[in-house]
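Trainee: Please take me through one part of this model in close detail. I would like to see one helix and what surrounds it.

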Amino acid sequence: MNKITSVCVYSASSTKINSAYTEAARELGALLGQKEIRLINGAGNMGLMAAVADAVLQAGGEVTGVIPRFMVEQGWHHTGLTKLVEVANMHERKKMMADLSDAIIALPGGCGTLEELLEVITWKQLGLYLNPIVILNTKGYFDPLLDMLRKAVDENFMRQQHGAIWHVAQTPREAVELIHTIPLWDESIRKFAAI
């Protein structure tokens with residue numbers, strides 16, 4: 001069992017989405033809060049970002065939000081988090097979120113969420129992030145991306161062993177179980193990174 005005290009959750013800020021995505025985010029947040037696992041996220045005050053954070057807090061858990069200064073200046077930040085960390089830019093935000101986390105769970109989202117997920121998969125491929133990465137595939141949202149990743153492996157753009165970088169969960173409960181049971185990535189895998 002992995003010792004998980006904090007989880008970074010990537011997720012959307014959009015509010016015009018199917019309620020099933022919001023329900024899954026709330027369920028995930030409640031589970032994290034009940035298990036006293038700190039949520040690390042992008043500190044947004046809307047959409048799934050806010051839903052998962054609010055659920056963690058309502059369950060008695062803690063949330064650390066990391067957000068660039070320009071977003072705070074726009075008023076896009078959640079004002080009720082346990083801790084709000086302002087950073088200079090998006091790059092610093094992503095690095096700090098990963099550095100603070102013992103695992104990552106990706107909820108459905110747009111370009112920002114997909115970019116965060118693909119970047120951390122790349123970091124893990126290179127041995128720069130060794131912790132579990134779980135894709136919560138609510139309503140099959142990530143099916144096209146998972147097909148693309150399989151194609152990248154099948155056509156040798158990624159090595160076969162890189163297919164074990166991420167794991168897929170269908171429910172929030174399964175996602176939380178997976179972060180505790182996925183073997184930690186061996187740092188020696190760096191030598192297998194496709195160049």
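Mentor: Here is helix H2, followed by its surroundings.

This is a predicted model, in which local features need pLDDT of at least 70 and side-chain atom pairs count only at pLDDT 80 or more, while totals for chains, interfaces and linings use all residues. Residues are numbered from 1 along each chain as its sequence is written, and side-chain values use heavy atoms, with hydrogens and water left out.

Helices (H or I, at least four residues) and strands (E, at least two) are DSSP runs, numbered from the N terminus. H2 covers residues 47–58. Its end C-alpha atoms are 17 Å apart. That agrees with the 16 Å that twelve residues should span at 1.5 Å a residue, where the expected span is 1.5 Å times one less than the number of residues. After H2 comes Gly60, with a positive phi near 90 degrees.

H2 is mostly covered, with nine of its twelve residues buried. Buried means under 20% relative accessible area, exposed over 50%, and partly exposed in between (1.4 Å probe, protein chains only). Among the buried residues are Leu48, Met49, Val52 and Val56. The buried residues of H2 pack against H1, S2, S3 and H4. Contact here means heavy atoms within 4.5 Å.

Take H1 next. The axes of H1 (residues 19–34) and H2 come within 7 Å and cross at roughly 35 degrees. Axes are lines fitted to C-alpha atoms, for helices over the stretch in contact, and angles run from 0 to 180 degrees between N-to-C directions. The crossing is right-handed: the near helix is turned clockwise from the far one by less than a right angle. H2 contributes Leu48, Ala51, Val52, Ala55 and Val56 to the contact. The H1 side includes Tyr21, Ala25, Leu28 and Leu32. The contact residues divide into ten nonpolar, three polar and one charged. Ala, Val, Leu, Ile, Met, Phe, Trp, Tyr, Cys and Pro count as nonpolar, Asp, Glu, Lys and Arg as charged, and the others, Gly among them, as polar.

Now the strands. S2 and S3 belong to an open sheet of seven strands, in the order S4-S3-S2-S1-S5-S6-S7, with parallel pairing. Two strands pair if DSSP finds at least two bridges between them. Three bridges join S1 (residues 6–10) to S2 (residues 38–41). In S2, Ile40 is the bridge partner of Cys8.

Last, H4. This helix lies across S1, S2, S3 and S4, running at about 160 degrees to S3.
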